[in-house]
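Here's a quick look at the empty space in this protein, both the enclosed kind and the open kind. Have the structure up while you read.

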Amino acid sequence: MIIAEELLLSYGAKIEAFNAGDIIFHESEKPKYYYQIISGRIKLNHYNEEGKELILAILHHGLSVCELLLFIDKTYPVNAIVFEASEVIKLSKSKFIKMLDENPDISRDLNKFLSERLYQKFIMLENNSSLHPDVRLLGVFDYHKSFSPDTDRFSFEIPLTRQQLASLTGLRVETVIRTIKTLEKQNVVKIVQGKIYY
């Protein structure tokens, strides 16, 4: 969902630069801003009781960060950590709501976008409950490719490392590596200089 930067800026949004490792917000904080990524990547994560990181999503250019929480009175269930140097445009919650009220077409587009994301999340969650590692990985691949307008085979570069795929799926890194090699032999993915194309 890309809301035009000019529109966001006209409602008082600011552009901020972040370095890798910077924290945009912590879990348990109250949402105060709408965030939209201009460049770079941001990961949404959570640490379990043993301190193990669970990556829930890696967001990139054009995507917004946890915008659905601006509509309810809940705290963030995740941390938003800058994965690589990024620029983010942010707009206060009150001005964001005002912008939507005054621009019903943007509100409608946002609802459609949220619905598509939620649908893909359900599919990914369902796949992550599978005992088959290929089903889990393909669920993640489908989710990330769903944001790309190009649906051709091997047109989408998976923006995740093998370690990140393991964190997203609950698999061991070795299992991810082995399964990706199997998927390549089955002509489901293509590996070019270590990058996975789906």
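The largest cavity holds about 30 Å³ of space. Keep in mind that this is a predicted model. On the open side, the largest pocket comes in at about 620 Å³. Here's how the two break down.

**The enclosed cavity**
- With the cut-off set at 30 Å³ or more, the count is one cavity.
- If you want to pick out the walls of the largest cavity, select I2, E5, Q36, I37, I38, H61 and I89.
- Strand β3 (residues 33-47) supplies the largest share of that lining, with three residues.
- Sorted by class, the lining of the largest cavity has four nonpolar residues, two polar ones and one charged one.

**The open pocket**
- A set of 24 residues lines the largest pocket, and those nearest its centre are L44, L56, L68, K121 and Y143.
- Which elements give two or more residues to this lining? They are β4 (53-59), α3 (104-128) and α5 (162-169).
- The top contributor to the lining of the largest pocket is α3, which gives eight residues.
- By class, the largest pocket is lined by 16 nonpolar, five polar and three charged residues.

**Where to look**
- For the cavity, start at β3, the element with the largest share of its lining.
- For the pocket, start at α3, which gives the most to the lining, then find L44, L56, L68, K121 and Y143 nearest the pocket's centre.

Terms used
Residues are numbered from 1 along each chain as its sequence is written. This is a predicted model: local features need pLDDT of at least 70, side-chain atom pairs count only at pLDDT 80 or more; totals for chains, interfaces and linings use all residues. Side-chain values use heavy atoms; hydrogens and water are left out. On a 1 Å grid over the protein atoms alone, a cavity is a set of points where a 1.4 Å probe fits but cannot get out, and a pocket is an open set with protein on both sides within 12 Å along at least five of seven lines; lining residues have an atom within 4 Å of a point. Grid points are joined across faces, edges and corners, and a volume is the space filled by probe spheres set on the points. Helices (H or I, at least four residues) and strands (E, at least two) are DSSP runs, numbered from the N terminus. Ala, Val, Leu, Ile, Met, Phe, Trp, Tyr, Cys and Pro count as nonpolar, Asp, Glu, Lys and Arg as charged, and the others, Gly among them, as polar.
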